[in-house]
Amino acid sequence: MCLALPYRITTFLGPGRARAEGPEGPRDISTELLDGLQPGAYVLVAYGSAIREIEADEAAEILEVFETLQ
């Protein structure tokens, strides 16, 4: 089973790549599937790729549920 988890973009590393902070710590992710992202944006990450931009409150709700599963 794969979970898409929320991450917050901290910096861009180059075209289509960003550094992000999330529940599994900092990681480099692909942003090639999304346009217009800015540092501070929250995204759902699956298989190392940002698949959807989300609001901060949605990210917090997902993380709350994720914590209860561990």
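1. I29 is a useful residue with which to begin reading this predicted model, since once its neighbours within four places in sequence are set aside, I29 is still in contact with G16, R17, A18, A20, V43, V45, G48 and A50. Two of these partners, A18 and A20, fall within the span of β2 (17-22), while V43 and V45 fall within the span of β4 (42-46).

2. I29 also appears in the largest nonpolar core, a group of 13 residues in which Y7, I29, L37 and V43 touch the most other members. At least two residues of this core come from each of β1 (5-14), β2 (17-22) and β4 (42-46), and the greatest contribution is that of β1, which gives three.

3. The next residue along the chain, S30, belongs to strand β3, which covers residues 25-30. Is S30 buried or exposed? S30 is buried, because its relative accessible area is 12% and the cut-off for a buried residue is under 20%. Not counting residues up to four places away in sequence, S30 touches G16, R17, G48, S49 and A50; of these, G16, R17, G48 and A50 are also listed among the contacts of I29.

4. The student may then wish to look at how β3 is placed beside β2. These two strands pair in the antiparallel sense, over six bridges, and they form a hairpin that has two residues between the strands. As one example of the pairing, the bridge partner of R19 is D28, which lies in β3.

5. Y47 deserves a careful look at its backbone, since this residue is not a glycine and yet has a positive phi of about 55 degrees. For comparison, most residues other than glycine have a negative phi. Y47 is found in the loop between β4 and β5, the latter strand covering residues 49-54. Y47 counts as exposed, because its relative accessible area is 74% and exposed residues are those over 50%.

6. A final point concerns the surface, where L3, V65 and L69 make a nonpolar patch of about 290 Å². Where does L3 lie? L3 is in the segment before β1, and it counts as partly exposed because its relative accessibility is 39%, a value in between the cut-offs of 20% for buried and 50% for exposed.

Note on methods: Residues are numbered from 1 along each chain as its sequence is written. This is a predicted model: local features need pLDDT of at least 70, side-chain atom pairs count only at pLDDT 80 or more; totals for chains, interfaces and linings use all residues. Side-chain values use heavy atoms; hydrogens and water are left out. Helices (H or I, at least four residues) and strands (E, at least two) are DSSP runs, numbered from the N terminus. Buried means under 20% relative accessible area, exposed over 50%, partly exposed in between (1.4 Å probe, protein chains only). Contact means heavy atoms within 4.5 Å. A nonpolar core is a set of buried Ala, Val, Leu, Ile, Met, Phe, Trp, Tyr and Cys residues joined through side-chain atoms within 4.5 Å. Two strands pair if DSSP finds at least two bridges between them. Patches are made of residues with over 30% relative accessible area and no salt bridge: like charges are joined within 9 Å, nonpolar side chains (Val, Leu, Ile, Met, Phe, Trp, Tyr) within 5 Å. Accessible areas come from the Shrake-Rupley method with a 1.4 Å probe; for residues, only the protein chains shown count as cover. A salt bridge is a side-chain nitrogen of Lys or Arg within 4 Å of a carboxyl oxygen of Asp or Glu.
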